[in-house]
Each structure stands twice: as C-alpha cells, then as structure tokens.
Amino acid sequence: MSIDVSARAAEHSAGLDEPLAILDPSGARHANAVLDGQLSDVDETALTDLYVDMALARRVDQEAFALTRQGELVLWPPSLGQEAAQVGSGRALRETDFVFGSYREHALAVLRGVTFRELLAVWQGTTQSGWDPQAYRMATPQIIIGAQTLHATGYAMGLRMDGADDVAIAYLGDGAMSEGDVNEAMVFASTFRVPAVFFCQNNHYAISEPVRLQSASPLAARATGFGIPALRVDGNDVLAVLAATRIALQRARRGGGPTFIEAVTYRIGPHTTTDDPTRYRDDEEVAQWRGKDPIDRLERHLAQNGARVDQIREEAQVRCDQAARDLRTAVTTGEMPRAETIFDHVYTTPTVRISEQRAQHLAFEASIEGES
Amino acid sequence: MTETLPLGKAIGRALGDALAEDEKVVLLGEDIGKLGGVFRVTDGLQQQFGEARVIDSPLAESAIVGTAIGMAYRGYRPIVEIQFDGFMFPAFDQIVTQLARLHYRTAGRVRMPVTVRIPYGGHIGSVEHHAESPESYFAHTPGLRVVTCSSPQEAYSTMRAAIASDDPVIVFEPKAKYWGKGDVDTSVVRDLDTATVLTRGRDVTVACYGPTVQTALDAAVAASDEGIELEVIDLRSISPVDIDTVVDSVRRTGRLVVAHEAPAEASVSSEVVANVVERAFDALNAPPERVTGYDTPYPPSALEGHYLPSLDRILDAVDHVLGRRSSRSELALTGGAR
C-alpha cells in the first residue's frame, strides 16, 4: 500500500531528471507542459513586477551586505542569486498563507511587507525578531536548520482542523534535507495529508559542504518516498518557480496534501559575511552560475518580447535607490534596546526569580552610575 | 465533585475535561488513541473526542513537539505525550531551541501554550531508558515551566493548570504512582509556582517532589516513632522552584534534606541547597544533605532499589543533619570521607 502512495506521488512529480524550466539563460521562452497552464495571466505588467521585485531584493541584499562590512550589522546571510526562487514562490502566495522561513529569505520578508527596520534589527543584534509573525503571516528567522519545517507542518495540521484553505509553506536549504526534523516533517505532512509546501532552495552549498555530500540523488526525488509529489524546477527561472509554487498551492487548497519543490539555484555570495567561499569552490563554477542570473534572464526575455527595457530598468533603479536610502536610515536610526528588556517575555507573566534578577541588575547598574 | 481515582486516571480526567471545555485543546502522541497510551492515561479519549483531536502520531518525538509548536502558531493548545522519560531526547532540540524561547524570541508576540507530558521515574522494573528523571535539563532552560505531582489530586490540578498556562509547561508524571488512588476534587485549582507543606514538623525540613514524596511521608511516620518531626515539602514546581516556602521552613527547623530520583550533579537539589545557603545560611544548624539517584546512569532494574532514594536513606540523611549516628558519620570515622 505504501508503494502505491509513493507511486502516486511519483506520478504527480516532475522535473526529477531535468529541472522544469520556462526561460533559458538567453531569455528565450520554451513550452513546458507541466507549467505553462499556470502562467496564462502573466502579461508584460506581471513580468515587469517580477523584475522589479527581484531587482529590489538584490539591492536590499547588496546594501545589507555593505552595511555589515561597514560595521552597522553584525552578520548578514546574502541571498544574491536566489532572487527568482524567493520572488517566484513568494508572489504565488496569498496574504493569509503562512511562511516559515529559514534565515536567508529576505526577499520573502520584503514581499510580505516587513519593514527594513524590522528586517534588519535581527542582523543588527538588537532583537531576536524584528517583526510580528502573526501580523505578516511569516515566522521570524529560524537559525536551527530545518526546525521550521515541523512548525509549518503543525500549522498546516491546524489549518486542516480549521477547514481553512490557506497553506503553510516552509523554506529550507539543501543542507536541511539531511536533518531529522525535515524528514520527520515530511512523514507527518504526508501521513496527515496537510496543506503544506516544502520549498527547498538548493543553492548547492551548506556553508562549505556541496550538495552531493547531503544527497546522492536529486533532493526532490526523496519526497516521493514519503508519498509527497515533488516538482524540481530551475530556481533561477522566476516563471518556472511561480508556476510550480502555484501548482503546489492549488493542490494543498484542494485537500491534495503537501508538495515538495526543489528550486535548483546557486548562492553566488558567501554563506554569511564571515564566510570565505574561495576555500571550497572555484571561480569557474561561480562564473558559470553568474551566466544563469535570474534577473538578467528576465530582462533579456522582456527585451525579446519587445518590452521597453530601458524604462523598466529605470523604474526599478528608482525603486532600488529609494530602498537603499530607506534601508540605511532604518539601520542608523535603529534604537539600542534598554538593558532590562533582557528580562522581558521569558514567560507570559514574569516569575519571582526573573523579577528578582531584573531588580538586582537595575540596582547594580544604578550603583555603577552612582560611582561615575 | 470529589471522586476516588488512581493518579493516572486523574490525569486522564484532567485531559478529558480540558478537551471538553476548549475545542482548541488537542492531544498528540504515540499510541495515545486506540491503545489509550502505554499507561492507559488517555484511555477512551479518542473514542470520546475523535481522531482529529486525540491524534495518534508517527514515531517521531521531535515532530510531536515541533508540530505542536506549529499548531500553537495557529491558535491551538496542544498537549503532547512523550511515551517515556528516556525517549524525550530526540524532542529535546525542539523543546529547548524552539518551544521554550519563541515567546522571548518574538518579544512576546507569539504564545506557546503547549503542554508536554513525560511519564518519568523509576521503580517499575523496566529496561534501559524507561526509568529516568531528566527534569534538570528542562529546569535549566529559561522559558519553560517544569512541574510534577505526587497525588491524584495534585495530578488533576497540576494538569489543568499546565493546560491553562500560556507558557509551555513540561509535566513530569511519576509513572510508578499512576496506580495509587486518592480523592480528586475537580474544583481544586493550583498555580504553577508554589510548593506545598504536607506535614508540619520542628526538626528537619525534607524537600522533595514526584515519586519521592510518598517515600518522604513514610519516612516522616517512621521518624515520629523516634520523636523526630519532619516537615515534608512537596516542591511540585521544579521550575520555577518555590524557594520561599523552603526557606521559611528551614528558618523553623534549621535543617534541610532534599530528595529526588535524578542524579545529584547540577540537579534540582543543587539548586534548592544553593538557594537556601544563599538566603538562610544563618538559620542552618547543619550542612544540608541530599538523597538522590547516584551520579551514574540509571542502573539495571534489579539494582534500582539501591539507586533510588529509599525511606532508610532519607532517615539516614535526617540522622546526619541532626548530628545522630548515620552512615556518613560511620564513613568519617573509618576515614573514608573525602
């Protein structure tokens, strides 16, 4: 019987041999039997919006990277190269769907409306969570690899109990695929047939470890073993990602259970600002992936379609420049939290112990001030 | 309403009452449905409330806790069962890195009203990983409330309070006491912060919790035959531990014995003794004593009687803090002391 489930999952899977794609690196559009039906509404305006979203995501990333180098942020995990994976999937969601991200999903956060100050406060080291998860329907950054896939699954169990047709989407990386939690999440999601999407951005490296160290087979192929249909797409092709995510979301909303998406992409930059990727990968490989750039690709496609690319680029530039200014302001005007906030929200009502430690700390601080 | 129930049934009653009162309460765990749990604590609940609310889960402890966290994001109040104390470690990561700190991490914007039930402790004559007392790991983790119980009444009231709490609560259920009967008044409520004084006595304070409480009460009866009065305190709440009640008692008795099944090193007894020394050093007439499991792995069950705090070991510690002849004084006389 379990073989049937896995066979059925395999039947609804696609791209396991060769990732599904719509746009090739030259910008030319190719027919794709699985994905094309999802893109009938995507006109030039929609393409332009996707282009601007990706450009904005890239600029936010670049500015934050620079701010880290300037000592304004303590750390930054760059998302350069992964714009299509994040924007394509993020634009497929509706507002009431809930996003459980990892720590590199900056574009998702921006698309959800998280402000720059809220986005950057974590990386400034002034808070562990800049935004309200319930307000934006997006959990705050998750550092423990793969932990969020269980939260998304549990949220989706709740959605199912509520009879809601929203979806929980979990973002994870290729390294997370080796974690027990991710595998447990797939067991639960499949068994309880919950409205969840596992969106794996295979960016080829878990810090220094190449994806072949995590898996001997395509990551997406694993999902079918759990009875979960999988779609493997070119993660640098925003249209392919958008279409695949729409398929997964529709399946979930109709009660068809979870879907696994592997977006095959590449982390052009380092793992974080403290990493040195020259130690573990060669320039040739990076150059090869630069040639598959998601933004250039869409720009070429727009040009081939006769769109006024200069104008679109200019429009994006204006938005990006404004974002860069706003981002800088957000960082430089961010406030240092008061010391005693250390003691806030450990429990919903403070325990005697924490209240005592708070009082002791304040008395200690006051005594120091009294001396100086 | 008062009824006589075994402790395990009292917990089951608390779960059933919570399920009946609040549709957001759901149960999740291995074998809790049709089987009613390996200890039958959840017996009949799935029949009564359906498979959607009393959920038999796949065998994956991290997922049991991790999905409960997701459900809490969605507004549910999940109660999860980890089948045995020794099986909680796969779930440890989700408990300490996620459940315990999501409220803090989100600056209070997310609440995690999740109850984690762990049958714990020894004296059931089982094999490895079925008799441990891992409460200190959780007591060391900020953001968790850690509680236990020692009687059917306490079991009922503790479980109801845990479920009602908006903080995550780890409930350690003394599995060897599941079958011990007592009166349960379902209208009795408790907080999750305070200890209770079970017997008043002028000579020695004995602080304990969970399965060790009955042993201490038995020791109090035995000691009274010799004219010694023990003040037995059931700590109930392991974190936060109610030091005020212990200190008040020690100020009256001047002597302290702390007893539990877990190993002594970096344990609840370490915490209680340290706090009492900090706050009531002047009131102590003797160094405090600890009667605990030894700092070894839990032994094979044939030897657990030697490992667990027994009535005689508690009385021996009482003798020692009173300056009477005890095994410790013998050890000192033979030159074996450190």
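Biologist: In this predicted model, where in chain B does B:Asp31 lie?
Modeller: Look at the elements on either side of B:Asp31. Strand E2 (25–29) comes before, and helix H2 (45–49) comes after. B:Asp31 lies in the loop between strand E2 and helix H2 of chain B.

Biologist: Is B:Asp31 buried, partly exposed or exposed?
Modeller: Take the relative accessible area of B:Asp31, which is 34%. Buried means under 20%, and exposed means over 50%. The value falls in between, so B:Asp31 is partly exposed.

Biologist: What is the phi of B:Asp31?
Modeller: B:Asp31 is not a glycine. Even so, its phi is positive, at about 70 degrees.

Biologist: Which residue of chain A, in the loop between H8 and strand E3 (196–202), has a positive phi although it is not a glycine?
Modeller: The loop between H8 and strand E3 of chain A holds A:Arg193. A phi of about 50 degrees is found there, and the residue is not a glycine. The name asked for is A:Arg193.

Biologist: How does A:Arg193 count, as buried, partly exposed or exposed?
Modeller: Its relative accessibility is 44%. That is not under 20%, the cut-off for buried, and not over 50%, the cut-off for exposed. Therefore A:Arg193 counts as partly exposed.

Biologist: Which residue does a cis peptide bond join to B:Ser239?
Modeller: Check omega for this bond: it is about 0 degrees. The partner lies in the loop between strand E12 (237–239) and helix H9 (243–253) of chain B. It is B:Pro240.

Biologist: Is A:Glu63 buried or exposed?
Modeller: A:Glu63 is found in helix H2 (residues 44–69) of chain A. Leaving aside neighbours within four places in sequence, A:Glu63 is in contact with A:Ala324, A:Leu327 and A:Arg328. Its relative accessible area is 13%, and the cut-off is under 20%, so A:Glu63 is buried.

Biologist: What is the radius of gyration of chain A?
Modeller: Chain A has 14 helices and seven strands. For its 372 residues the globule rule gives 21 Å, and the model comes close to that, so chain A is as compact as a globular protein of that length. The radius of gyration is 22 Å.

Biologist: What share of the residues of chain A count as buried?
Modeller: The C-alpha atoms of chain A fill a box of roughly 75 × 55 × 40 Å along the principal axes. Chain A has 372 residues. Of these, the share that count as buried is 55%.

Biologist: What area do chain A and chain B bury between them?
Modeller: The contact takes 42 residues from chain A and 47 residues from chain B. In chain A, A:Phe188, A:Tyr347 and A:Thr348 lose the most area to chain B, together 17% of what that side buries. Carbon and sulfur atoms carry 57% of the total, which is about 3,600 Å².

Biologist: Which residue of chain B meets A:Asp162 in a salt bridge?
Modeller: Across the interface of chain A and chain B there are three salt bridges. For A:Asp162, the distance from N to O is 2.7 Å, and the cut-off is 4 Å. The partner is B:Arg74.

Biologist: Which element gives the most to the side of chain A that touches chain B?
Modeller: The interface has 21 residue pairs in polar contact. Elements that give two or more residues to this side of chain A include helix H7 (147–162), helix H8 (180–191) and helix H14 (352–371). With eleven residues, the one that gives the most is H7(A).

Terms used:
Residues are numbered from 1 along each chain as its sequence is written. Chains are lettered from A and ligands numbered from 1 in the order in which they are written. This is a predicted model: local features need pLDDT of at least 70, side-chain atom pairs count only at pLDDT 80 or more; totals for chains, interfaces and linings use all residues. Side-chain values use heavy atoms; hydrogens and water are left out. Contact means heavy atoms within 4.5 Å. Buried area is the accessible area (1.4 Å probe) that two parts lose on being put together, summed over both. A salt bridge is a side-chain nitrogen of Lys or Arg within 4 Å of a carboxyl oxygen of Asp or Glu. A polar contact is a pair of N or O atoms within 3.5 Å; within protein, one must be able to donate a hydrogen and the other to accept it, and residues adjacent in sequence count only if both atoms are side-chain atoms. Helices (H or I, at least four residues) and strands (E, at least two) are DSSP runs, numbered from the N terminus. Buried means under 20% relative accessible area, exposed over 50%, partly exposed in between (1.4 Å probe, protein chains only). The radius of gyration is taken over C-alpha atoms; the globule rule is 2.2 Å times the number of residues to the power 0.38.
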